[in-house]
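Colleague: I have a few questions about how the labels in this model were assigned. Can we go through them one by one?
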Amino acid sequence: MERFARKEDEYKIGWIKRFMEYESMIPGFREEIMNDPENTLKKYGFPLAVEEVSFLPSDPEDIYTLRPAFPESDASKYADFMRTKISFREEIKEAGTPANDMMRKWHKRQKGRCLAELGARSDVLVYVPFTIELADGCSVGCKFCGLNAGQLKSVFRYTDENALLFNEVLSGVKELIGDGAGCGTMYFATEPLDNPDYEFFLKDYVRIFGKIPQITTATALKHTELLHRLLKEINEEGKTIYRFSVLSEKDALKVFEEFTPEELVYTELIPQYENAPQSGFVNVGRKGKDSGEYGDTISCVTGFIVNFSRKTVRLTAPTYACEKYPTGEIIFETAEFTDAGSCIDVMKAMISKYMSNIIGPKDRVRLKTGLTYRTEGDEIIVEGGKGARFNIAASEGSDIYKEMLVLFSSGYHTKREIVAQILSRYEGMLVRSDTFHYAINRLWELGILELESGKV
Ligand code: SF4
């Protein structure tokens, strides 16, 4: 993969990015710019021309593509940079596909289920199959915490014994899941920089997986010295994104003072305070509970999270946040381990237990709530209210799928009932029942069926 930006363009891109950050984080800035663009740029010390920060409203069909008002200006470099970052998300999704056969099919089904539940929002999730937590809890206690992280209880220090465990687990996971395991992070419901030994673990992680894991930190201003070092590393590489959660306007101004625009070219600043012109709150976890309204998810893991501090493995996948899943994640199981061998054994057991990719004879199945289907030419289109869309091509036997969808839309049926009902209509004709079993499993693989047992 190429760098997100050419070295020689980073200065200008960094400054245009900072301009955007002022717009999203500093109340009143946008109004000043609208009233007097030239003098406002001067007043705030932006070495930019008005043309370089002028963008047309985005196309509603393509909201992620920036449209420079003056395409010959350096605004185009910024637009290209943003486009490259977005395509990188697609690359991560692809690279994170597990090599383990059962897990790969399960992973694909979970992505389909997320599309059915979350619609277009599911597209921004990266579905990494493996992630690490280096602490038990989090020191920050953000009131909006989407994962409802508990208070910091302990951190997993880089002692000889712990380093050995860490290295053995990562190597074992790489063997089990493949290189895609390296698409994750070393934080989840934790603050990565709570661990004073983060840098040591980072070196081992990079050696094993060949990738720098992304960081999202809410403590950038507490760890400036460390971050100046870590940013140097990602800026040299030009292919990793870090994120700073910024908790107040005052902190935003301090971040601008401490880190140059060029230094933060690969670091996104996420405004997480009420008076920010564009705050990034999602109604999940503590924020969902406080607002009395759940929805969406921020969970990017579809696989295993190893918490080294608690010595646990949990199997998780994203879902639409609700009373039952307040943090927007389904936690299938959490199990303890004692050493690297037992950690990998726990994962193997979870693969066998939760990742069966066929519908059993006693499973009662229906079309997922909220989905409907229709035919369009030779295709069957299954759709959901939030923009989900699945195409089932006629080449796969559209009549059989149509009949199945009629039955699956009417309520729960077992595989045997479905096969018997459809076969009765084909009486006298030579139709192999394994065609139906294949078709049912194919719909299950797409993530558009739901089981009465709640299995997903
Ligand atoms: S949002 Fe992140 S930093 Fe804030 S409490 Fe949750 S885990 Fe900690």
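Colleague: Which residues have the most contacts inside the largest nonpolar core?

Modeller: This is a predicted model. Its largest nonpolar core has 110 residues. Those with the most contacts inside it are Ile-16, Leu-134, Val-306, Met-404, Ile-440, Leu-443 and Ile-448.

Colleague: What does Leu-443 touch, not counting residues up to four places away in sequence?

Modeller: Leu-443 touches Met-404, Ile-448 and Leu-449. A contact requires C-beta atoms within 7 Å.

Colleague: Why is Lys-289 called partly exposed?

Modeller: Lys-289 has 16 C-beta neighbours inside 10 Å. Buried needs 20 or more, and exposed means 12 or fewer. The value 16 lies in between, so Lys-289 counts as partly exposed. Lys-289 is found in helix H10, residues 285–291.

Colleague: What makes S12 and S17 a pair?

Modeller: Three bridges join S12 (residues 364–367) to S17, in the antiparallel sense. Pairing needs at least two bridges, so the two strands pair. In S17, Glu-450 is the bridge partner of Arg-366.

Colleague: Why do S16 and S17 count as edges in the open sheet S16-S12-S17?

Modeller: S16 (413–414) and S17 (449–451) each have a single partner strand, so one side of each lacks a neighbour in the sheet.

Colleague: How do you know that S3 and S9 pair?

Modeller: Five bridges join S3 to S9 (residues 301–307), and the strands run parallel. At least two bridges are required, so S3 and S9 pair. Phe-130 stands opposite Phe-304 in S9. Helix H11 (residues 340–354) packs on this sheet, touching S9, S10 and S11.

How values were computed: Residues are numbered from 1 along each chain as its sequence is written. This is a predicted model: local features need pLDDT of at least 70, side-chain atom pairs count only at pLDDT 80 or more; totals for chains, interfaces and linings use all residues. Helices (H or I, at least four residues) and strands (E, at least two) are DSSP runs, numbered from the N terminus. A nonpolar core is a set of buried Ala, Val, Leu, Ile, Met, Phe, Trp, Tyr and Cys residues joined through C-beta atoms within 7 Å. Two residues are in contact if their C-beta atoms, placed from the backbone, lie within 7 Å. Axes are lines fitted to C-alpha atoms, for helices over the stretch in contact, and angles run from 0 to 180 degrees between N-to-C directions.
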